[in-house]
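Notebook open, structure on screen. I'll jot down what I look up as I go, starting with a hairpin.

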Amino acid sequence: MISESSILRFARGTRLQYDRVREVWFIQAPERAFHADPIAVEVLQQINGTRNVRDILDLLCQKFSAPRDIIARDVLALLQDLTTKQVLLAV
């Protein structure tokens, strides 16, 4: 279960990548790819294997001036989904 104290990294062979031809972000994983919407991109660009989810939430709250509880709910759901799909791993 992902929590605010979790530290995440991309699974081996998985990365966030921008396709300049199509002008879209996607998550490239072995033998699969996921389209990343603009909100997911904002979150995933903060994943570095050392920053915890709490720090990511703080950065997003500052950037978007939105209520923390709403951002936290959505970000935690996204991160949990990507962890379940083995795109992200807890360090």
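**Entry 1: the hairpin.** I went straight to the hairpin of β2 and β3, where four residues sit between the strands and E23 takes a positive phi near 55°. A reminder to myself before I go on: this is a predicted model. I then checked how the two strands pair. Strand β2 covers residues 15-19, strand β3 covers residues 24-29, and they run antiparallel with five bridges between them. What stands opposite D19 in β3? I looked it up, and it's V24.

**Entry 2: the rest of the sheet.** Next I followed β3 over to β4. These strands are antiparallel too, and five bridges join them. I picked out one facing pair here: F26 stands opposite H35 in β4.

Putting the strands together, I get an open sheet of three, in the order β2-β3-β4, with antiparallel pairing. Why do β2 and β4 each have one side without a neighbour in the sheet? Both stand at the edges with a single partner strand, so nothing in the sheet lies beside them on the other side. I also looked up the twist: neighbouring strands of this sheet are turned by 35° against each other on average, direction ignored. A note for when I look at side chains later: in a regular strand they alternate between the two faces of the sheet.

**Entry 3: salt bridges.** How many salt bridges does the structure hold? I found seven. The general idea is simple enough: side chains of opposite charge can pair when their charged atoms come close.

I started with E4 and R54, whose side chains meet in a salt bridge at 3.9 Å, N to O. This pair links distant parts of the chain, since E4 is in the segment before β1 (8-10) while R54 is in helix α2 (residues 53-64), 50 residues apart. Are the two partners buried or exposed? Neither word fits: E4 is partly exposed at 23% relative accessible area, and R54 is partly exposed at 36%. The cut-off for buried is under 20%, so E4 with its 23% doesn't count as buried.

The pair isn't on its own, either. E4, R54, D58 and R68 are linked in a network of salt bridges.

I looked at two further bridges:
- R73 and D74 meet at 3.4 Å, N to O. R73 is exposed, with 54% relative accessible area, whereas D74 counts as partly exposed at 42%. The line for exposed is over 50%, so R73 passes with its 54%.
- K85 and D81 meet at 3.3 Å, N to O. K85 is partly exposed at 34%, and D81 is partly exposed with a relative accessible area of 34%.

**Entry 4: the largest pocket.** Last stop for today. The largest pocket has about 360 Å³ of space in it. I listed the residues closest to its centre and got D37, I39, A40, V43 and L78, out of 19 that line it. Which elements give two or more residues to the lining? They are β4 (32-36), α1 (38-44), α2 and α3 (68-84). Of these, α3 gives the most, with seven residues.

I also sorted the lining by residue type. It divides into 14 nonpolar residues, one polar and four charged.

Technical notes:
Residues are numbered from 1 along each chain as its sequence is written. This is a predicted model: local features need pLDDT of at least 70, side-chain atom pairs count only at pLDDT 80 or more; totals for chains, interfaces and linings use all residues. Side-chain values use heavy atoms; hydrogens and water are left out. A salt bridge is a side-chain nitrogen of Lys or Arg within 4 Å of a carboxyl oxygen of Asp or Glu. Buried means under 20% relative accessible area, exposed over 50%, partly exposed in between (1.4 Å probe, protein chains only). Two strands pair if DSSP finds at least two bridges between them. On a 1 Å grid over the protein atoms alone, a cavity is a set of points where a 1.4 Å probe fits but cannot get out, and a pocket is an open set with protein on both sides within 12 Å along at least five of seven lines; lining residues have an atom within 4 Å of a point. Grid points are joined across faces, edges and corners, and a volume is the space filled by probe spheres set on the points. Ala, Val, Leu, Ile, Met, Phe, Trp, Tyr, Cys and Pro count as nonpolar, Asp, Glu, Lys and Arg as charged, and the others, Gly among them, as polar. Axes are lines fitted to C-alpha atoms, for helices over the stretch in contact, and angles run from 0 to 180 degrees between N-to-C directions.
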